[in-house]
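This report describes a predicted model. It treats domain layout, the contact between chains, one helix and one loop residue in turn.

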Amino acid sequence: MIRWLLWIAGGVLLGGVVHLATVLAMPRAATQDAYSRLVPIAPVNAMVPLPAPTAQASILPFMDPAFAGAVCRYDLSNGMIKLNAPVSEAYTSVTFYTRESVAYYAINDRAAGRRAIELDLMTTQQHAQIPEEEDVTAADRLIIDSPTRTGLIILRALAPEPDLMSMARRALAAAQCHIEPLQ
Amino acid sequence: MRLLFGSFVTFLLAATIGLSTTWLTLTRGVAFGSLAIGAWTAWPKSGSQEIDPYAHATIARDGELPVGIGDGVAFVARTDDAGHEFDGRCSFTLSGMTPPARYWTVTLYNLQGGLVANAIDRHGFTSEEIVRSVDGRFTITVAPLARPGNWLPTGGIEHFLLVWRLYDTPIGVAATTMKEGPMPTVERRGCT
C-alpha cells in the first residue's frame, strides 16, 4: 500500500515538473505566435503595412481596429536598424517585441517629443562595440537594445474616427526601417 | 514486474497531470499581477519584460502582441459587474467615466480575438467619437439590435468579450498602489 502511495506521489511531483517545463517551453515551441503569423507578409528589415482586421480575417488576434499598423520584422545579424516614423496627427506609438512576443520597449509620439520618432536598434553586444564618445555626442540618438537578434517593431497610428483611417495609413506609409552596417 | 508497472503508472500520472494543468492554465488565461477595477482586469506587466511565464505562454500560443507598457494598458471584461457572462443575445450598458488617458478605445471581440460581423460594420468606439452628456459621462449600449446613442452591435453571437485600451496613461505604470479607476460600470439590461 505504502509502495503504491509512493508511486502516486512520485507521479504527482513529476506532473508538476512536466507542467512547469511545458509552460516555460511554450514561447519557443509555439508555431502560431505573432512572429510566425507575420512572416508571410513581412519581409526582413523593411516596413510594411499590417492588414486591417475585419470580421472575416485578422492576421493577429485582438488587434485594435481603430489603429492603422505597420510592421518591421528585424534581423540584427548584419548591422543595426535605423527606424524613422513620422507621427500622425492623433496618436502614434512604436512597440518593440522580441522573437517570442515580449514587449521590451514602447514609446509614443509625445514621449518622443518631435515630429518623427527616430530610433536606432541594436543588440546589447553591438551597443557595447560603439565607441563611447560617439554615444555621448550623439545626444539626440535614442538607442534601443534588443534582447534578441530577431524580433518585431510594430508602429500604430490612431484613427480617432473611421474617416481618418486613410490619414493614419498615409502617416505610417512614410515610416522607414532599414539595416545599416556598424562602423 | 511490479517496478515496471509502478513506473508506468507514475509516468502516466505525471503526463496526465502535467499536460492537463498546462492546457487548463493556458486556455483559461492564468496570469499574475492583475489590476482589477469592477468587471475590468488588466495585466500591465504583460506589456513589459517582466511578463510572467503563464501570460507569456498564453500570448505565444494565441499569437497576440500585448500592448507595451509605454504605449498603454488593456482592460478585459468577460462579464458584467454582477458576474453575468457576456452573451450577444442580451443587451448591456457601459456607463460612467474612464481613468485619465490621452485616448481610449473599446472593442468587442469573439473569444478567439476576432471582430464580429454586423450590419453597420462597427466593432468599437474611440474616446473621440463617443457621444457624451453635458457632464462628460457617456453610455454605450452593447446589444444585438439597433439602439439610439452609442450602439455597439454584438452580431448576436453567443459569447463575446470587451477590451478597453487606454493609451498614454499613468494607469498601470506607477499606479498599482494608488486608488485606481474609475472604469465604466457594466450592467445587463435584459435578453431577447
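The account below begins with the domains and then turns to the interface.

**Domains**

Both chains of this predicted model carry a domain assignment, and the table sets out the bounds with the distance between C-alpha centres.

| Chain | Domain 1 | Domain 2 | Distance between C-alpha centres |
|---|---|---|---|
| Chain A | residues 1-30 | residues 34-180 | 40 Å |
| Chain B | residues 1-30 | residues 33-191 | 36 Å |

Within chain B, the contact between the domains draws 4 residues from domain 1 and 4 residues from domain 2. The side of domain 1 of chain B that touches domain 2 of chain B has 2 nonpolar and 2 polar residues, and no charged residues.

**Contact between the chains**

On the chain B side, 51 residues are in contact with 48 residues of chain A. Five elements of chain B each supply at least two residues to this side: the helices α1 (2-28) and α2 (53-62), and the strands β5 (103-109), β6 (124-126) and β9 (161-167). Of these, α1(B) provides the largest share, with 11 residues. Sorted by class, the side of chain B that touches chain A comprises 22 nonpolar, 20 polar and 9 charged residues.

**Helix α1 of chain A**

Helix α1 of chain A runs over residues 2-29, which is 28 residues. At 1.5 Å a residue the helix should span 40 Å, and its end C-alpha atoms are 39 Å apart, so the two values agree. The helix nevertheless bends by about 25° at Val23(A), and a proline, Pro27(A), follows within four residues.

Both Val23(A) and Pro27(A) belong to the buried residues of α1(A), together with Gly11(A), Gly15(A), Val18(A), His19(A) and Met26(A). What do these buried residues of α1(A) pack against? Their partners are α1 and α2 of chain B, two helices that also appear among the elements contributing to the side of chain B that touches chain A.

**Glu129 of chain B**

Glu129(B) lies in the loop between β6 and β7 (138-143) of chain B. Is Glu129(B) buried or partly exposed? Glu129(B) has 17 other C-beta atoms within 10 Å, and it is therefore partly exposed, since a buried residue requires 20 or more and an exposed one 12 or fewer.

Leaving aside neighbours within four places in sequence, Glu129(B) is in contact with Pro160(A) and Glu161(A). Within chain B, Glu129(B) and Thr105(B) are separated by 24 residues in sequence, and their C-alpha atoms are 9.8 Å apart in space.

Key:
Residues are numbered from 1 along each chain as its sequence is written. Chains are lettered from A and ligands numbered from 1 in the order in which they are written. This is a predicted model: local features need pLDDT of at least 70, side-chain atom pairs count only at pLDDT 80 or more; totals for chains, interfaces and linings use all residues. Domain bounds come from an automatic or database domain assignment. Two residues are in contact if their C-beta atoms, placed from the backbone, lie within 7 Å. Ala, Val, Leu, Ile, Met, Phe, Trp, Tyr, Cys and Pro count as nonpolar, Asp, Glu, Lys and Arg as charged, and the others, Gly among them, as polar. The expected span of a helix is 1.5 Å times one less than its number of residues. The bend at a residue is the angle between axes fitted to the seven residues ending there and the seven starting there.
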